[in-house]
Amino acid sequence: MSVAVEPFHLSVPEDQLSDLRRRLDATRWPDRETVTDTRQGPNLEKLRALIDYWRNDYDWRRCERMLNGLGQHRTVIDGLGLHFLHIRSPEPGALPLIMTHGWPGSVLEFHKVIGPLTDPAAYDGDPKDAFHLVIPTLPGFGFSDKPAEPGWGIPRIADAWATLMDRLGYDRWVAQGGDWGAAVTTAIGYKAPQGCVGIHLNFVMYQPTPDETAGATPAEQAMLDSMAYYQNVLSGYAQLQGTRPQTIGYALADSPIGQAAWIYAMLQDVSDSDGNAEKAFTYDEILDDIMLYWLPDAGASSARLYWEGQSSIANPPSAPIRTRAAISMFPKELVRLSRRWAETRFANLVHFNELDRGGHFAALEQPALFVDEIRTGFREMRA
């Protein structure tokens, strides 16, 4: 098996972009929603405006140049080719950090924080806070390979990430994640592979205990209400992807509008935007993300992570994580927990903070706050 780390240059053939434009021109739209808000899903008029920009003004080559400029690589781990960004800091004492996106995210979720984290001196920061960044693409997502057999769940991905850090020569490192990236990072924390000295999460997958529910403070009850709203109203996509990913996969593979609406709904529903995705993200940011699902035909393969991840959600480890941990809770993250609930699950909680703005896609929505949290959370783990 190859252990080589090879540079990866992205150059999407023009005929794929022509095919996309042809499909956009041939769209058969549904009738409009019968409500004036987002209760039935993305608003038809807003989707039409986004797709019009996609068809007539969006420049994929700009995104492609950005990705190529960041430093893309691929390597084979456990039989699967994995794509990742690797950005070395100019600071000799930089701490290696592996950052993991979730769904419907991508490595681009972190593009605004790469500069401040790798070269803080260039952004009015302290050079002592520098990181070498490793930002892998989850299996089945983007330009990582698609697993051809079951088994690529959260524990296996966590093992692959530890192998990746070892392969890159990092013998002392930390990990960070949100969404499914938080699940992978949490698994790393439980496994405590050699070299990992700490983790940071901006999302925690957990189930409140009966005692926690019964004894919730008003603030904690608001968290429980928010979690219930997500589970009862917004999580239909997760139920479908967790039980029948192949079913939705046919639509996502064939229709760019279907793929766009499937992702747009999440950007609308779980960001700090009051249901207005364009308030939190530019059209280019939205479409760059959608393109990393559409171009590699990753709709079905990325959805399968929910199917694979069901056991991780249903059977969380009962013992607290011993690895040092830092947690940042952004207010419009719908699944949040309090410090005292976190302290029962993380035995070495070195940092916990509740921010005043930001949602599920914290690195993209509030990059400055996110950078501050990463620096603060990992500062005492550097020693």
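Here a biologist and a modeller talk through two helix contacts and a pocket.

Biologist: What kind of model is this, and how are residues numbered?

Modeller: It is a predicted model, where local features need pLDDT of at least 70, side-chain atom pairs count only at pLDDT 80 or more, and totals for chains, interfaces and linings use all residues. Residues are numbered from 1 along each chain as its sequence is written, and side-chain values use heavy atoms, without hydrogens and water.

Biologist: Why is helix 2 called oblique to helix 11?

Modeller: Helix 2 (residues 44–56) and helix 11 (residues 256–270) pack at about 120 degrees, axes 11 Å apart. Angles under 35 degrees count as roughly parallel, over 145 as roughly antiparallel, and 65 to 115 as roughly perpendicular; the rest are oblique. So helix 2 is oblique to helix 11.

Biologist: Which residues of helix 2 and helix 11 meet?

Modeller: Contact means heavy atoms within 4.5 Å. Among those in helix 2 are Leu-47 and Trp-54; helix 11 brings residues including Ala-261 and Tyr-264. This contact has 9 nonpolar residues, no polar and 1 charged.

Biologist: What is the handedness of the crossing of helix 1 and helix 2?

Modeller: The crossing is left-handed. That term means the near helix is turned anticlockwise from the far one by less than a right angle; clockwise is right-handed. Helix 2 passes helix 11 in a right-handed crossing.

Biologist: Which helix gives the most to the lining of the second largest pocket?

Modeller: Helix 11, with 10 residues. Lining residues have an atom within 4 Å of a pocket point. Of the 40 lining residues, Ala-261 of helix 11 is among the closest to the centre.

Definitions and conventions: Axes are lines fitted to C-alpha atoms, for helices over the stretch in contact, and angles run from 0 to 180 degrees between N-to-C directions. Helices (H or I, at least four residues) and strands (E, at least two) are DSSP runs, numbered from the N terminus. Ala, Val, Leu, Ile, Met, Phe, Trp, Tyr, Cys and Pro count as nonpolar, Asp, Glu, Lys and Arg as charged, and the others, Gly among them, as polar. On a 1 Å grid over the protein atoms alone, a cavity is a set of points where a 1.4 Å probe fits but cannot get out, and a pocket is an open set with protein on both sides within 12 Å along at least five of seven lines; lining residues have an atom within 4 Å of a point.
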